[in-house]
Amino acid sequence: MGFRLANVRGRAALVRGEDVHDLEALSGGRLGPDPMEAIAHGDALHELDGRLDDHEPTAALAAGWLGPPV
């Protein structure tokens, strides 16, 4: 299964269902918050997506939080 990268309130995030995982927090700072920079790290995104079950979501996705696609 592939990951879902999103621009959530201007920050890169992985989304699973209605759960939002801030990419910078999820990666321990290895990846920054910029959605455009995040797309260059496909391998790391796949790795992080595989570990989402081990992490609490940052937030639940709310209406109006999604920014323009990258």
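E47 is partly exposed, with 38% relative accessible area, where buried means under 20% relative accessible area, exposed over 50% and partly exposed in between (1.4 Å probe, protein chains only). The model is predicted, so that local features need pLDDT of at least 70 and side-chain atom pairs count only at pLDDT 80 or more, while totals for chains, interfaces and linings use all residues. Residues are numbered from 1 along each chain as its sequence is written, and side-chain values use heavy atoms, leaving out hydrogens and water.

The partner of E47 in a salt bridge is R30, which is exposed at 52% relative accessibility. A salt bridge here is a side-chain nitrogen of Lys or Arg within 4 Å of a carboxyl oxygen of Asp or Glu, and by this rule the structure has 6 salt bridges, among them the three listed below.

| Salt bridge | Closest N to O distance |
|---|---|
| E24 and R11 | 2.7 Å |
| D53 and R16 | 2.7 Å |
| E47 and R30 | 3.9 Å |

E24 lies in helix α1 (residues 23–26) and R11 in strand β2 (residues 11–16), 13 residues apart, with helices (H or I, at least four residues) and strands (E, at least two) taken as DSSP runs numbered from the N terminus. E24 is partly exposed at 29% relative accessibility, and R11 is also partly exposed, at 31%.

D53 sits in the loop between α3 (42–49) and β4 (59–60), 37 residues from R16 in strand β2; D53 is exposed at 67% relative accessible area, whereas R16 is partly exposed at 29%.
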